[in-house]
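Please report on the salt bridges and the DNA contacts of this model. Keep it brief.

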2 protein chains.
Amino acid sequence: MTDAAPTTIDEFRSRLASVTDGLPKRLRQCADYIAANTDRIAVSTVAELASGADVPPSALMRFCQILGFSGFSEMQKLFRDAYAPGWPDYTTRLRNLKDSGAGSPSALLAEFVEAGRLSLEQLAKSADETALSQAVALLARADTLHVVGLRRAYPVASYLTYVLEKLAVPAILHDHAGRLDHRHALRPSDACIAITFAPYSDETLSLAQDARSRGLPVVGITDHLTSPIARLSSVVLTVPEVDFGAFRSLSATLALSLALAVAIGTARG
Amino acid sequence: MTDAAPTTIDEFRSRLASVTDGLPKRLRQCADYIAANTDRIAVSTVAELASGADVPPSALMRFCQILGFSGFSEMQKLFRDAYAPGWPDYTTRLRNLKDSGAGSPSALLAEFVEAGRLSLEQLAKSADETALSQAVALLARADTLHVVGLRRAYPVASYLTYVLEKLAVPAILHDHAGRLDHRHALRPSDACIAITFAPYSDETLSLAQDARSRGLPVVGITDHLTSPIARLSSVVLTVPEVDFGAFRSLSATLALSLALAVAIGTARG
DNA sequence: GGCTTTTTGGAATTTTTATTCCAAAAAGCC
DNA sequence: GGCTTTTTGGAATAAAAATTCCAAAAAGCC
């Protein structure tokens, strides 16, 4: 109760977690609200936070003291010092880039950077952890992984295959080079990763279909749960990719693919 | 002078820019300091900002009014409210993902998302606008673009080629499939884009060397100005890609490549 | 160089915000 | 059910911050 005040945000979080249980009703409301709105501490007043937590200001004051601070101000100082908004000089710079005129290379770069960043943020927010774990489990116990992705999904498919290979996971990239078809390489103990975005590529769907009818598990990486690949897949991973102009950044898709590959590599030991 | 107060941060910035010239000494100090520290407005007091700008608090108050606000508090409100969509649940969510245990798929995803985001931010901060414009100019007046990038640079090279093709810019991907070599396709009126990261691929360097000795302009996309591709290039674009584990996110490289491709497409009309 | 206008700094004031304290309510205990 | 302890809400107070105002200084003008 009279411990020293947390001096870092990580310390703050663990203190918060350790103190939350065994707190009376009102103080618990404070703890819950603060945990869910940690980011607003730096820019709010006691009254604002208290009303958000639906408690009187005095309750919130007491709560700050329970965490070890002398009062609200001391707690706020921690967050104000650490405050680095999602736009330090980064946003300023983006703005400068864009200001150099619509259509200029710099402005385009700014747009694509922004599209990539948004995609990644949305991925973090919307990623389905359960599906991801299922996909890893499924793919980790397969012998060989068959990766397919064409057109704009091709860079992802090729990188995924590259990383899998580096991790000593047997993987075949079905790239349709020379219209050669390796679908007879699909063995029942294998698994398939199919990547496709609207407009969905027939060749990709066809390979997934083939894998499915041979009894291979199929993991689909696509843009929506309504994508045609969904019906063919055992597990579907959706990626909310933000386009700029007609082109998608692929940042989110690559991040997801990398995570998938490394998780598979780890699971296989 | 008595315009309405800015209601968005963009508006704020342009107001600031338009008002800065023709301001007396002290007020100008305010303008400069605020422009450089916009991000701290939300979490500072008048006194703190004033002392940062090395002016008395009253000067800063006057400055707020010149911008159209009734006072400092109104200006601060703009930034405190706008802060909501910076980290709101995104950072919390990332944290949750990571908390699910080191090595878990979710934790890996969080790491790659973070690596990608950092890469993009650094790219925005460090991008060399001049070099980018030069590269676009050089590539826009070439007949055919020869794109080369192997191993981990291959996904980038392939996507770049895909996008160029979509934009009706003639492009050849030198993918070394079947060890076939297209270097005789290099014509003096063409140009070359070579992408390579440490450890630099010999084949990529060799093709760039060839292009150079035939008098083609070479644009290098690489990790450092000291990269071996730099000596072979007419223009070098560096990308500060953040790795996680042994693998790079490629987000920044792809964003840069996309911007390059679209700028070339636009410049060619 | 004197006069007018603009700019400046700081002290005084007002407003807002944080913090304390205590009586009432609730919860726990015998 | 009465007694003790804990928890709570709100009014009172203290502290801090924002804002105003004005006299002095500086700059501009004739």
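## Terms and basis

A salt bridge is a side-chain nitrogen of Lys or Arg within 4 Å of a carboxyl oxygen of Asp or Glu. The model is predicted, so local features need pLDDT of at least 70, side-chain atom pairs count only at pLDDT 80 or more, and totals for chains, interfaces and linings use all residues. Residues are numbered from 1 along each chain as its sequence is written, chains are lettered from A and ligands numbered from 1 in the order in which they are written, and side-chain values use heavy atoms, with hydrogens and water left out.

## Salt bridges in chain B

Over all chains, the search finds 14 salt bridges. One of them pairs B:Arg117 with B:Glu114, with 3.4 Å between the closest N and O atoms. These two residues sit three apart in helix α7 (residues 105-126) of chain B, so about one helical turn separates them. Helices here are DSSP runs (H or I, at least four residues), numbered from the N terminus.

B:Arg117 also meets B:Glu121 in a salt bridge, again N to O, at 3.4 Å. B:Glu121 and B:Arg117 are four residues apart in helix α7 of chain B, which means a separation of about one helical turn. B:Glu121 is buried at 10% relative accessible area. B:Arg117 is buried at 14%, and B:Glu114 is buried as well. Buried means under 20% relative accessible area, exposed over 50%, and partly exposed in between (1.4 Å probe, protein chains only).

Helix α2 (residues 25-36) of chain B holds B:Arg28 and B:Asp32, four residues apart and so about one helical turn from each other. Their side chains form a salt bridge at 4.0 Å, N to O. B:Arg28 is partly exposed at 32% relative accessibility. B:Asp32 is partly exposed too, at 41%.

## DNA strand D

Which residues come nearest to DNA strand D? Of the 16 residues around the strand, they are A:Arg26, A:Ser58, B:Val46, B:Gln65 and B:Phe72. A residue is near a strand if one of its heavy atoms lies within 4 Å of it. By class, the surface near strand D has seven nonpolar, six polar and three charged residues. Ala, Val, Leu, Ile, Met, Phe, Trp, Tyr, Cys and Pro count as nonpolar, Asp, Glu, Lys and Arg as charged, and the others, Gly among them, as polar. Helices α2 (25-36) and α4 (57-66) of chain A, with α3 (46-53), α4 (57-66) and α5 (72-82) of chain B, each supply at least two residues of this surface.

Sugar or phosphate makes up 67% of the strand D atoms within 4 Å of the protein, and bases the rest. A backbone N or O atom of B:Phe72 lies 2.6 Å from a phosphate oxygen. A side-chain N or O atom of B:Gln65 is 2.9 Å from a phosphate oxygen. A:Ser58 places a polar side-chain atom 3.1 Å from a base oxygen.

## DNA strand C

Around DNA strand C there are 16 residues, and A:Val46, A:Phe72, A:Ser73, B:Arg26 and B:Ser58 come nearest. Of the strand C atoms within 4 Å of the protein, sugar and phosphate account for 65%. The surface near strand C divides into seven nonpolar, six polar and three charged residues.

A polar backbone atom of A:Phe72 is 2.6 Å from a phosphate oxygen of strand C. A:Ser73 has a side-chain N or O atom 3.0 Å from a sugar or linking oxygen. For B:Ser58, a side-chain N or O atom is 3.1 Å from a base nitrogen.

Note on methods. Polar contact = N/O pair within 3.5 Å; in protein donor to acceptor, adjacent residues only side chain to side chain.
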